[in-house]
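Got your viewer open? Load the model, pick a colour scheme you like, and let's walk through it one selection at a time.

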Amino acid sequence: MSEQLKALKDIFPDYETDKTILEAKIKNVNLYKKINELVLTLIAQDRIDLINLYKFENYLKIRFKVKDAKIIIENS
C-alpha cells in the first residue's frame with residue numbers, strides 16, 4: 001500500500017509562518033490522552049529553525065488544548 005503524506009500547510013491552513021516548516025510532510029500524529037500530550041512526526045527536506053518549532057508547538061498546545069506538544073523531525 002502506497003501512503004501519500006500531506007504537507008503541514010494542507011492540514012493546518014490557518015497556521016502562517018516560515019515556508020520551510022509549512023512544506024514539511026506529516027508522517028505520524030499521536031495523542032496521548034492520559035498524559036495530555038500530542039506528538040507530531042515531520043519529514044523535512046530543509047532545516048527548520050528552532051524558533052519556528054517553538055512557535056508551532058505553542059500553536060498546537062492552544063489549538064488542541066493539550067498540556068504538551070512535541071515535534072519530531074526526520075530528514076528526507
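The tour goes from the nonpolar core out to the charged pairs. Keep in mind that this is a predicted model.

**Stop 1: the core.** Select Leu8, Phe12, Ile21, Leu40, Leu42, Phe56 and Leu60, and show their side chains. The largest nonpolar core has 19 residues, and these seven touch the most other members. Now colour by element of secondary structure: helix 2 (19-22), strand 3 (37-44), helix 3 (50-64) and strand 4 (68-75) each give two or more residues to this core.

**Stop 2: Leu40.** Centre the view on Leu40, one of the residues just picked out in the core. What is Leu40 in contact with, leaving aside its neighbours within four places in sequence? Bring up Leu8, Ile26, Asn28, Val29, Phe56, Leu60, Lys70, Ile71 and Ile72, and you have the set. Two of these names, Asn28 and Lys70, are a handy reminder to show every side chain here, not just the nonpolar ones.

**Stop 3: the charged pairs.** Side chains of opposite charge can pair when their charged atoms come close. How many salt bridges does the structure hold? There are 4, and we'll visit some of them.

Start with Lys9 and Glu23, where the closest N and O atoms are 2.9 Å apart. Lys9 sits in helix 1 (residues 8-11), while Glu23 is in the loop between helix 2 and strand 2 (25-32), 14 residues away in sequence. Buried or exposed? Neither, as it turns out: Lys9 is partly exposed at 37% relative accessibility, and Glu23 is partly exposed too, at 34%.

Next, select Arg63 and Asp14. Their salt bridge has its closest N and O atoms 3.3 Å apart. Arg63 belongs to helix 3 and Asp14 to the loop between helix 1 and helix 2, so this pair ties together parts 49 residues apart in sequence. Turn on a surface and you'll find Arg63 partly exposed, at 39% relative accessibility; Asp14 is also partly exposed, at 49%. The cut-off for counting as exposed is over 50%, so Asp14 stays in the partly exposed class.

Last stop: Glu74 and Lys27. Draw a distance between the closest N and O atoms of this salt bridge and you should get 3.1 Å. Here the link runs from strand 4, which holds Glu74, to strand 2, which holds Lys27, and the two are 47 residues apart. Glu74 is partly exposed with 30% relative accessibility, and Lys27 is partly exposed with 42%.

How values were computed: Residues are numbered from 1 along each chain as its sequence is written. This is a predicted model: local features need pLDDT of at least 70, side-chain atom pairs count only at pLDDT 80 or more; totals for chains, interfaces and linings use all residues. Side-chain values use heavy atoms; hydrogens and water are left out. A nonpolar core is a set of buried Ala, Val, Leu, Ile, Met, Phe, Trp, Tyr and Cys residues joined through side-chain atoms within 4.5 Å. Buried means under 20% relative accessible area, exposed over 50%, partly exposed in between (1.4 Å probe, protein chains only). Helices (H or I, at least four residues) and strands (E, at least two) are DSSP runs, numbered from the N terminus. Contact means heavy atoms within 4.5 Å. A salt bridge is a side-chain nitrogen of Lys or Arg within 4 Å of a carboxyl oxygen of Asp or Glu.
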